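Subject: Structure handover

Hello,

Here is the structure I promised to pass on to you. Please have it open while you read, as my notes follow below.

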Amino acid sequence: MTSATTHTWRLLKWGRTLARHGALKGIENDPLTPPSFRRLCRIARFGAPMPAKPDYAAALQEIGPAAIKLGQALATRPDLVGEEAAQNLLRLQDDLPPAPFADIKRAVETALDGSIESFFTEFAETPVGAASIAQVHRATTTDGREVAVKVLRPGIEEVLEDAIETYEWAAAHVETLGGEAERLRPRQVIAYFKQWTRRELDLQREAASASELRDNMVAEPGFYVPEVDWSRTARRVLTMEWLNGVKLTKREQLVAEGHDPKALAVILVRAFLRQAVVDGFFHADLHQGNLFALPDGRLAAVDFGIMGRINRQARLWLAEILHGLITGNYRRVAEIHFEAQYVPAHHNVDEFATALRAVGEPMRGLPVKDISVGRMLEGLFAITRDFDMVTQPHLLLLQKTMVMEEGVATALDPDINMWEAAEPFLAQWSRTELGPETALADKINETIETLLRLPRLIDKIDASYPETGAAPPPPPLPEVKLIERPSWGGYAIVAILAGSAGALAMWGLT
């Protein structure tokens, strides 16, 4: 286990990097930052040269791969980092210098257990993309197919594991501040972030995700998922069909080649709703760099390392919430928040419905370009604070994807109204899933499942109450107050923490 001294030293280095890019000053000026944390930020940035405007993205880019991944996650949490910081973090492109080709070749041969020539007749030494965790090379297989080969960076697992361990340590200390820091549940946020990152490190699992999504998206012919080459895929190497398309980042080229951005935006919205609402299994990294317009007008996705799942009950709530906001049924939206226990029961459902109406009504019917994002976020943050809504970590990926998907769709069609684009799909799905026939079928299934559990329940009861004659229950033990030895090291750690506050700023950034 890593020592507190090591964690503190890492945080100190990261904190100074944040300070040089002005990130600590931004956190210090945030009115939601706890006073004690604000004082620590001032100490940590003491003497560091700072730009006039904070640049969180540049700071995290300099800190390293784990920080880049964390920053991308935080970019979708303006309630944690503030709107200005969230907008800045959206610039994180996850673009780094590539690893040497000799190391990549060795990694491919080790993973596939054979020489690279036995699998590929051509393998480009220069990658088409180099991200923080892996890089992608264009290649041609021995049977003549063009493919994209994704290879993990050598040693990346150890780098991420060390950083995440320190994140966990820092988050635990931030949560002890109580108040707003405790409500935002930074420890659970990091726990979910750790799960997502570990999944990205298993490329064979990513291949399985791509295969599953490809099967699911047969119902959306406008959305394409490339085919996996399983014979050239392993835990550290993923080989997929090469896509000849135009990245959505190149809007001018899209128009020049005859693509219809408005049609692509509609395809994207429908594809996301199909994944999140119908299947409960969705691509959780739908930024422009991972989306391509194919020559035939279809929209294709790549990079399936971050996928999300939500169960059927959560999907039903999601569909009802979205449809309720579209149609102005704020009372039903409020009831769902209480049913899902997103809002504590001591609050009033009608008051919550009124608060939702105050945020939703000014935006209904407007195109995204005419909506004041700042005003909307201010209203939503006030609701979460006023009604003691704690962070729901299991929904973070969904929230991240919704924000990202809206941004991509708006870039394609600034006049798109996301509510209007989603309404026909959600209305049709809601009629199917929330109708009386479905409710009856669900009740029958629940009854059958309960009956099938009865034999196991009887066995458990029998095991809990043994026959007379078995060993008697042990006597109750008295409560004994243990003598606690003083820990002078604890005071030393607290003193060190005061000098390294900047790095805890990743959680006040965080």
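Let me begin in the sheets: A148 has M240 in strand β6 as its bridge partner. Please keep in mind throughout that this is a predicted model.

**Around strand β4**

The A148 contact belongs to an antiparallel pairing of β4 with β6 (residues 237-241), which extends over 5 bridges. Strand β4 itself covers residues 146-152, and 6 of its 7 residues are buried. Strand β3 (residues 134-141) also pairs with β4, again antiparallel, through 7 bridges. One of the contacts there is A134, whose bridge partner in β4 is L152. The hairpin of β3 and β4 has 4 residues between the strands, and in it G144 adopts a positive phi near 90 degrees.

**A four-stranded sheet**

There is also an open sheet of 4 strands with mixed pairing, in the order β5-β10-β9-β7. Its edges are β5 (223-224) and β7 (246-247); each has a single partner strand, so one side of each lacks a neighbour in the sheet. Within this sheet, β9 (residues 291-293) and β10 (residues 299-301) run antiparallel and are joined by 3 bridges. L291 is bridged to A301 in β10.

**Helices α9 and α11**

This is a good place to look at side chains. As a reminder, side chains of opposite charge can pair when their charged atoms come close. The whole structure contains 23 salt bridges. One that you may like to display is R198 with E161, at 2.8 Å from N to O. R198 sits in helix α11 (residues 186-200) and E161 in helix α9 (residues 156-175), so this salt bridge ties together parts that are 37 residues apart in sequence. Are its two ends buried or exposed? Neither term fits: R198 is partly exposed at 45% relative accessibility, and E161 is partly exposed at 33%.

K194 and E168 make another salt bridge, with their closest N and O atoms 3.2 Å apart. Here too the partners come from distant parts of the chain, K194 from helix α11 and E168 from helix α9, 26 residues apart. K194 counts as buried because its relative accessibility is 19%, and the cut-off for buried is under 20%. Its partner E168, at 29%, counts as partly exposed.

**Aromatic pairs**

A pair of aromatic rings is described by the distance of the centres and the angle of the planes. The count for this model is 7 aromatic pairs. In one of them, the rings of F101 and F123 have centres 6.0 Å apart and planes at 45 degrees, so the pair is tilted. F101 lies in helix α8 (residues 101-112) and F123 in strand β1 (residues 120-123), so the pair links distant parts of the chain, 22 residues apart. Both of these phenylalanines are buried.

Y167 and F193 form a tilted pair as well, at 6.2 Å centre to centre with 40 degrees between the planes. This pair brings us back to the two helices above, with Y167 in α9 and F193 in α11, 26 residues apart. Y167 is buried at 1% relative accessibility, and F193 is buried at 4%.

F101 and F123 also belong to a cluster: ring pairs link them with F119 and F120. F120 has a charged visitor too, as the charged end of R232 sits over its ring, 5.9 Å from the centre. A similar arrangement involves Y224, where the charged end of R298 sits over the ring at 4.6 Å from its centre.

**A salt-bridge network**

Finally, which residues are linked with R331 in a network of salt bridges? They are R332, E335, E339 and D350. Within that group, R332 and E339 form a salt bridge with closest N and O atoms 2.8 Å apart. E339 is partly exposed, with a relative accessible area of 42%.

If you would like a short tour, I suggest starting with the α9 and α11 pairs: R198 with E161, K194 with E168, and Y167 with F193. The phenylalanine cluster of F101, F119, F120 and F123 would be a good next stop.

Happy browsing, and do write back with any questions.

Best wishes

How values were computed: Residues numbered from 1 in each chain as written. Predicted model: local features only at pLDDT ≥ 70, side-chain atom pairs only at ≥ 80, totals over all residues. Heavy atoms only, no water. Salt bridge = Lys/Arg side-chain N within 4 Å of Asp/Glu carboxyl O. Buried < 20%, exposed > 50% of the residue type's maximum accessible area, 1.4 Å probe, protein only. Phe/Tyr/Trp six-rings, centres within 6.5 Å; stacked < 30°, edge-to-face > 60°. Lys NZ or Arg CZ within 6 Å of the ring centre and 35° of its normal. Pairing = 2+ DSSP bridges.
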